[in-house]
Amino acid sequence: MKTESHLWRGLWRVSALMRNRGEKSEVLRNDDMVAHITLAQARVIDQFFRAPAGGLMLKDLAAQLRLTPGAVSLLVDALVKQDILSRKVSESDRRAVSITLSKSGEEFRSKIEKFFDGLSLEILQGIPQEEVAVFLRVLDQLCLNLEKNK
């Protein structure tokens, strides 16, 4: 198999296996907040895990996700109703609304990070630390290469 094919097939397989593990996780399935999150909503929430403390504006979130503001607004509305996100008037522009993780959203982040930290330890078993370090550097470079060629 060509290196290129091996790469993208391997990335898809790892992604599918991790998603499958998350769907089967008793911890995640039995949590009402986590169990009702769609994949699209998870993409929105992920942006807030990395967002600055002041949150994000809807137009910036839409640009990051490469979706229309209308589509993102519907996703945000659902997450506000689930008390994962909250809206507040921007401190820098009273006409703008900033979106942030709510207190429940912060708890959600903690659950998700704990799950994925445990899963990461599991899938890295038997791989020497030096090889993990090389893998992480390569993964970072893959992301950089993809981001600069958007």
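Here, buried means under 20% relative accessible area, and at 17% arginine 109 makes that cut, so this residue counts as buried. Keep in mind that this is a predicted model. The briefing below looks at a three-stranded open sheet, a helix lying across its strands, and some of the five salt bridges in the structure.

**The sheet**

- Three strands make up an open sheet, with antiparallel pairing and the order 1-3-2.
- Strand 1 (56-57) and strand 2 (85-89) sit at the edges with a single partner strand each, so one side of each has no neighbour in the sheet.
- Strand 3 covers residues 97-101 and runs antiparallel to strand 1, with two bridges joining the pair.
- If you want to find that pairing in the model, look at leucine 56, whose bridge partner in strand 3 is isoleucine 99.

**The helix across it**

- Helix 4 (residues 39-49) lies across strand 1, strand 2 and strand 3.
- Relative to strand 3, helix 4 runs at about 90°.

**Salt bridges**

- Side chains of opposite charge can pair when their charged atoms come close.
- The structure has five salt bridges, and three of them are picked out here, starting with aspartate 77 and arginine 87, whose side chains meet at 2.6 Å, N to O.
- Aspartate 77 belongs to helix 6 (residues 69-81) and arginine 87 to strand 2, so this pair ties together parts that are ten residues apart in sequence.
- Both ends of that link are partly exposed: aspartate 77 has 30% relative accessibility, and arginine 87 has 38%.
- Another salt bridge joins the side chains of lysine 59 and aspartate 60, at 3.7 Å from N to O.
- Lysine 59 is exposed, at 59% relative accessible area, while aspartate 60 is partly exposed at 34%.

**A pair within helix 7**

- Glutamate 106 and arginine 109 form a salt bridge, with their closest N and O atoms 3.2 Å apart.
- Both residues sit in helix 7 (residues 103-123), three residues apart, which is about one turn of the helix.
- Glutamate 106 is partly exposed, with a relative accessible area of 39%.
- Arginine 109, back to where we started, is the buried partner at 17%.

Conventions
Residues are numbered from 1 along each chain as its sequence is written. This is a predicted model: local features need pLDDT of at least 70, side-chain atom pairs count only at pLDDT 80 or more; totals for chains, interfaces and linings use all residues. Side-chain values use heavy atoms; hydrogens and water are left out. Two strands pair if DSSP finds at least two bridges between them. Helices (H or I, at least four residues) and strands (E, at least two) are DSSP runs, numbered from the N terminus. Contact means heavy atoms within 4.5 Å. Axes are lines fitted to C-alpha atoms, for helices over the stretch in contact, and angles run from 0 to 180 degrees between N-to-C directions. A salt bridge is a side-chain nitrogen of Lys or Arg within 4 Å of a carboxyl oxygen of Asp or Glu. Buried means under 20% relative accessible area, exposed over 50%, partly exposed in between (1.4 Å probe, protein chains only).
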